[in-house]
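Trainee: Could you walk me through this one? I have the sequence and the model open and would like to know where to look.

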Protein chains: 6
Amino acid sequence: MEYLTRIVAFALEEDTALGDITSELTVPAERRVRGTLLAKGDGVISGLSVVREVFRQLDETVHLEPLLHDGDRVTRGDRIGTITGNARSVLKGERVALNFLQRLSGVATATARYVEAVAGTNARIIDTRKTTPGVRLLEKAAVRHGGGHNHRFGLGDGILIKDNHLAAIGGPDRIAAAVRAARHGAPHTLRVEVEVTSLDELEQALAVRPDTILLDNMSPDEMREAVRRTASRALLEASGGITLETVRDVAQTGVNLISVGALTHSSRALDISLELDMSGES
Amino acid sequence: MEYLTRIVAFALEEDTALGDITSELTVPAERRVRGTLLAKGDGVISGLSVVREVFRQLDETVHLEPLLHDGDRVTRGDRIGTITGNARSVLKGERVALNFLQRLSGVATATARYVEAVAGTNARIIDTRKTTPGVRLLEKAAVRHGGGHNHRFGLGDGILIKDNHLAAIGGPDRIAAAVRAARHGAPHTLRVEVEVTSLDELEQALAVRPDTILLDNMSPDEMREAVRRTASRALLEASGGITLETVRDVAQTGVNLISVGALTHSSRALDISLELDMSGES
Amino acid sequence: MEYLTRIVAFALEEDTALGDITSELTVPAERRVRGTLLAKGDGVISGLSVVREVFRQLDETVHLEPLLHDGDRVTRGDRIGTITGNARSVLKGERVALNFLQRLSGVATATARYVEAVAGTNARIIDTRKTTPGVRLLEKAAVRHGGGHNHRFGLGDGILIKDNHLAAIGGPDRIAAAVRAARHGAPHTLRVEVEVTSLDELEQALAVRPDTILLDNMSPDEMREAVRRTASRALLEASGGITLETVRDVAQTGVNLISVGALTHSSRALDISLELDMSGES
Amino acid sequence: MEYLTRIVAFALEEDTALGDITSELTVPAERRVRGTLLAKGDGVISGLSVVREVFRQLDETVHLEPLLHDGDRVTRGDRIGTITGNARSVLKGERVALNFLQRLSGVATATARYVEAVAGTNARIIDTRKTTPGVRLLEKAAVRHGGGHNHRFGLGDGILIKDNHLAAIGGPDRIAAAVRAARHGAPHTLRVEVEVTSLDELEQALAVRPDTILLDNMSPDEMREAVRRTASRALLEASGGITLETVRDVAQTGVNLISVGALTHSSRALDISLELDMSGES
Amino acid sequence: MEYLTRIVAFALEEDTALGDITSELTVPAERRVRGTLLAKGDGVISGLSVVREVFRQLDETVHLEPLLHDGDRVTRGDRIGTITGNARSVLKGERVALNFLQRLSGVATATARYVEAVAGTNARIIDTRKTTPGVRLLEKAAVRHGGGHNHRFGLGDGILIKDNHLAAIGGPDRIAAAVRAARHGAPHTLRVEVEVTSLDELEQALAVRPDTILLDNMSPDEMREAVRRTASRALLEASGGITLETVRDVAQTGVNLISVGALTHSSRALDISLELDMSGES
Amino acid sequence: MEYLTRIVAFALEEDTALGDITSELTVPAERRVRGTLLAKGDGVISGLSVVREVFRQLDETVHLEPLLHDGDRVTRGDRIGTITGNARSVLKGERVALNFLQRLSGVATATARYVEAVAGTNARIIDTRKTTPGVRLLEKAAVRHGGGHNHRFGLGDGILIKDNHLAAIGGPDRIAAAVRAARHGAPHTLRVEVEVTSLDELEQALAVRPDTILLDNMSPDEMREAVRRTASRALLEASGGITLETVRDVAQTGVNLISVGALTHSSRALDISLELDMSGES
């Protein structure tokens, strides 16, 4: 995957463009080490293929032996994999590899918590485009590793008419016109989704049959009413400030999709460390 | 700044490589809009120059008028700036611009809280290399906007001998040898820092006069003793799981530097939105 | 558009990496010229923004004054635009600019002929992924300039289960399983399309309700029967060796979409030249 | 070849930047397939090394076994090679690989037809700079595979004073001055060629001894007279609207070189398909 | 010129990827300065357009006012140009700009000395491919600024059969076969040159009529004899260890071209400095 | 090392973007050769890993067998390594490989001469930022191979307040203010250095305790006095026009560091050639 190559190269360049002077001055060039990736918290792993790519770019002879797969759960103390190879190469790639692994596992972990919270309902937890600049594809994979689904990957692979589109063309009563224009010009491969902020706007939208309707910042009661009125004529997506505390209530309204920006813009990194075995010879 | 060009181009490519089909189908090509960047939470702003670069790359005629500067504080409801220009261009860049601005302001906000917490002590709050892949330089600027200072930018512009370096060459009793080797080979422009995990190791380190000593995961009492024994012969950096709750206690031990990885790996985005004026003509 | 920048830079590099030695040796550095883009055949114009980008990259002071827009028809002898500026810059960019303009206008011209041929029917003429390597987005725009619509832009913004997917999982009787798997995992933003080669396979597909069904290499009679049996439960796309001679018969079967690979893989360039005014002074 | 790497990466990025969602959802990750590249028309093959590069970039374990070489002739039904490997990888690269192979084989096939048409004369069939943006070097190789020769690769590796150069410096009576200037400043490694449109201009050119003279849009009778007057003092290149129907007449006038833009700007793709074996297990 | 953009970006990245911390900490952000480019030795200037590009990339508001042109002579103390603008930007670009200007002016200066040394003879001083990696096109321009001419720009825009080609195919008696093969396959735009090391090999070469013959490491007497035997049937290039002391003797043998690798691989930088005016306000 | 990949790719592109037409036309595709890298002068080798990278990029089957290591001394006639592989690949990479190897060995050789000249003193020979654009990291490694040490790698990994910084803020009496500002804002990992041009300025600097003081263009007597007054409170760097003739006198003044720009901006290439064995079969 060319994308993976590029983001990893970018991250390595940030950290190692001028080499790793500490290792060059203190560790013999031929020394070999073996290290263990250890979970220091509970969560879901994502990013092992990125760890592999980091070392592939730095030194193809460094070997990652994963003991788990992306999507697997860990608890504090679990071993995730081992890394063996030239000491300078392992030390040079350690931070970049962990930066990816911790962040992506944090996203997968957060997603898994939301997915568990809606277990037994019909709602899918989905992500948004509120992702880390440059890391979107990896974060979207992490969402899948956590059991979630993806929304659009960018502005070109889905149609979503938002409040700001409507504002730009005159306001919410342009819903019908906008949906019709989108349907007419869109490739037959894409569905058409439109955002509404009230039940009135929902009615306007339903009249022109979009494939999906995004309910923005509605209360659970409003959502329930929206589900009733829509009567399966469109998919319904709930969005706007939904938290781990409120997500189950939202899911129980009967909406089909719940999008959560915080999965990618505000999740905490999962604590993971690389512990090198003590070694005394080269 | 070439770096800024690249990371912004990367982020735009993720979102807009296939164009913005929704806007192309629903918003007239010549329509113009005016929008306001609004704080929806309290914090410190960072990233306005990135917002400018996003629109410069998309459409040089879009105009950002900042009402604040990076480093300024906001409270919920404050206006941060206005954006005026072609509607399709503004809509196309909105998400990428906000993704940067929210994340970087989140980092600046978190930093400011730590800096406040140690007010009146001699300790500097500093960042680490636990940054978002590809976004390091911007996050390090955000730390400065929040009142913090920077640690190394990468593996080449500072010398820090860590536990894993020592493990690779035989363990903690190699401290003295490692510091001496680093001093001998290093450019005269760089300081030499070494990590210790006990007062014993501190003594070994002090014997060979590193410029800085990192105290890893010590208790405040140990740190206080370390400060006493060091007697200003080296700078002391506290590190390891320090939180907003514990940071003041750490600062009061007399250490010079407190590094906090969470500033960049786990801060929450500051909520900021772009509100377009309703417009009905082109 | 970053994409446009890159493909134009690539094309210029091919032609001008070592400079333009002929012009440097024979044309004074400050000489200015004025030239006219002339149609030397009948067709539809596409690519004027690419011509502008070519000269923007070479020399921002060269001025393109378009007399027509992309999508306009021309007949032999029509003036398309004028180019004014430094003689060496105009000569240096001439061939690359014309290579784009002729090829893209060729695609638009071919598309327009197919669109005219199905006038009055309900069928859309659509393109395929059989495009020129590196030039896809421009060719897809040319199809729109010719009055056609676009199919997928790549493998990520639409779902189309083809004969080779089915072969890979055991053959055509895996249609139902494949459609179900696609529906289950796909983002809610994308439609699901499946290829069938017989009326039997059509029935299998209909049973699992894909959004679109591609009828591969069917005769008009088979297509008509497919339209009857589908009864608007899915969109139908006709594909496979359809020519300007046969396309109207296909459209009259009632299919919704007709995809034509030759629009992009085998269209002839539209003949266009740049005629410089004779000039005798600098 | 770095160039090959880049154009293939560009083409893959167009098609696969967002992954191949259809295969990911419908084909098991470990499934393997075997496919055959089949000619579906008559012609000359070019581009097998590009096919290899496509799969090398996607997945180094996919194996291309060519049964023919670039430059070999095929007739409908001939097997060109086999491709074996992971099913998802083969499906992901199929279209990009075929897009290159079909286009380049189309160029080689067209060239071969022109070369056959002039068999037994002294004329070389040569290409022009009217190539596909980004694909020039591959198309120029395809011309050689078809038995043709190459003209310049770009504006820096040959000197050709054209009508527009002359227009820029005052018109056709500047031929002598331009040729002299070119000869004076040119590296000794490059030949000097000049375009003429009449026998009068030919005489002016001959007086200053260019290495090659391009006869633009002359009739066969004029060309014959040009050959007589030149008397081998320069090479003569015929150019301008030469077709498969007229090329033999042109060749028989005695010119040395016949350049045909249509070889690269308007040749039809050679129809080639990849047929996967049906497979039922992973 | 895309090439110029790239090499300047590369050089700036080396020096400024992490910013310019000294200026940021010591010079106010809005301070403006004016500086003068001063020659501190005698020579020929080359590289002013590179200086302009350096500042264009760093800060478009910095203004270079050249007082001389590339190719102009300077003596110690001459003012070459002035640079005005933001102080931090000028300080940030100073070193990279001077590195280019000093090196290229060094090449131009060395070339001018060789050109003067052969004044009045028929010999051209030409360069080789022994250039600085990444800087070839600029160095070849510097050679022209110094009054020299260029040999090939790379392996693709000229044909030169060297001793190692002959070694690879069996040794010097393969000269005739190699020249014939080159002539047969080469584009008609390129001349064919062959290296010989003795008068015997010269005779073998002359028999097959190459356009140019390179005389490798011959004594002036041998060269004179080579000129006599060649009798203008080919151009003759002298090469191999020619110095400023010996070049006039070589030129007087009657050879047409004298190539000097040291122009680019071993010339001394011309000493040039940037002197800022003292300034006390912003 | 990503950097090495890029500069080598850049250099190869300059030389081989259009292929190697001479070898393609004269050397059979499958011919193999063996060549020897021979020193034709005395010096220190640097750049063998670059030679390896050149051939890795061109053709992974070409094998470099080094007989020496970077940093080893050679005398005229010594064998440095052997290169074995496909003849066309070896010929294609020969010039680029030698261009790197000769230049870098020239830098190492020059450095070694300066290091020898100060043998027995306490002074380190260090380089500057006056390096070849694009080749800095390799030249800095060459300085180490020659026994020297490195100064800053760029403007971001060290703090050096120079005359032009002081000019920009009002002149030399701003030394104290500038040093204090630098100390206050700098990361704790970097040392602070300041340039002085007189003993008066030295006193001003000493008052604010910079880590290092650069003595610009002082006479040996002044330097000796500076050493006396500094009394080890700071490192002292001598700089400005120091030559092989004067360097020992400078070192004997007691300064710690002697920086020599000529190491990288004006050193002569070490003469090295690749001699192919004569070979007669493929």
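Mentor: Let me begin with a definition: contact means heavy atoms within 4.5 Å. Bear in mind that this is a predicted model. In chain A, residues 24 or more positions apart account for 70% of the contacts with a separation of 6 or more.

Trainee: And what does chain A have in the way of helices and strands?

Mentor: Chain A has 11 helices and 12 strands, and its C-alpha trace spans about 75 × 35 × 25 Å along the principal axes. Of the 282 residues in chain A, 63% are buried.

Trainee: Let's take one helix, then. Which residues of H8 in chain A are buried?

Mentor: Helix H8 of chain A runs over residues 199-207, and its buried residues are Leu199(A), Glu201(A), Leu202(A), Ala205(A) and Leu206(A). They sit on the same side of H8(A), because the arc that they cover around the axis is only 150°.

Trainee: Why would residues three or four places apart point the same way?

Mentor: An α-helix has 3.6 residues a turn, so residues at that spacing point the same way.

Trainee: What covers the buried residues of H8(A), and what is on the face turned away?

Mentor: The cover includes helix H7 (175-185), strand S8 (192-196), strand S9 (212-216), helix H9 (220-230) and strand S10 (235-239) of chain A. The face turned away from the buried side carries the exposed residues Asp200(A) and Ala207(A). After the helix comes Arg209(A), which has a positive phi, near 55°.

Trainee: Does anything link to H8 by charge? I mean, which residue forms a salt bridge with Glu203(A)?

Mentor: Arg229(A) does, with the closest N and O atoms 2.9 Å apart. This pair links distant parts of the chain, since Glu203(A) lies in helix H8 and Arg229(A) in helix H9 of chain A, 26 residues apart.

Trainee: Are those two buried or partly exposed?

Mentor: Arg229(A) is partly exposed, at a relative accessible area of 28%, and Glu203(A) also counts as partly exposed, at 36% relative accessibility.

Trainee: What about helix H9 in chain D, which residues there meet in a salt bridge?

Mentor: In chain D the side chains of Glu225(D) and Arg229(D) meet in a salt bridge, 2.8 Å from N to O. Both residues lie in helix H9 (residues 220-230) of chain D, where they are four residues apart, about one turn of the helix. Glu225(D) is partly exposed, with a relative accessible area of 23%, and Arg229(D) is partly exposed as well, with 26%.

Trainee: Now a pair that crosses between chains: what does Arg129(E) bridge to?

Mentor: Arg129(E) forms a salt bridge with Asp15(F), where the closest N and O atoms are 2.6 Å apart. The pair runs from the loop between strand S6 (124-126) and helix H5 (136-145) of chain E, which holds Arg129(E), to helix H1 (residues 2-16) of chain F, which holds Asp15(F). Arg129(E) is buried, with a relative accessible area of 11%, and Asp15(F) counts as buried at 1% relative accessibility.

Trainee: How many salt bridges are there over all chains?

Mentor: The count comes to 78 over all chains.

Trainee: Changing topic, how much area do chains C and D bury between them?

Mentor: About 6,000 Å², with 58% of it on carbon and sulfur atoms. At this interface 75 residues of chain C are in contact with 75 residues of chain D.

Trainee: How many salt bridges and polar contacts are counted there?

Mentor: Between chain C and chain D there are six salt bridges, and 41 residue pairs are in polar contact. Helix H1 (residues 2-16) of chain C gives the most to the side of chain C that touches chain D, with nine residues. That side divides into 35 nonpolar, 23 polar and 17 charged residues.

Trainee: One last residue: what does Phe100(E) touch?

Mentor: Phe100(E) lies in helix H4 (residues 87-117) of chain E and is buried, with a relative accessible area of 1%. Leaving aside neighbours within four places in sequence, Phe100(E) is in contact with Ile7(E), Val8(E), Ala11(E), Val50(E), Val54(E), Leu138(E) and Pro133(F).

Terms used. Residues numbered from 1 in each chain as written. Chains lettered and ligands numbered in written order. Predicted model: local features only at pLDDT ≥ 70, side-chain atom pairs only at ≥ 80, totals over all residues. Heavy atoms only, no water. Buried < 20%, exposed > 50% of the residue type's maximum accessible area, 1.4 Å probe, protein only. Helix = DSSP H or I, 4+ residues; strand = E, 2+ residues; numbered from the N terminus. Arc of directions from axis to C-beta. Buried area = accessible area lost by both parts, 1.4 Å probe. Salt bridge = Lys/Arg side-chain N within 4 Å of Asp/Glu carboxyl O. Polar contact = N/O pair within 3.5 Å; in protein donor to acceptor, adjacent residues only side chain to side chain. Nonpolar A, V, L, I, M, F, W, Y, C, P; charged D, E, K, R; others polar.
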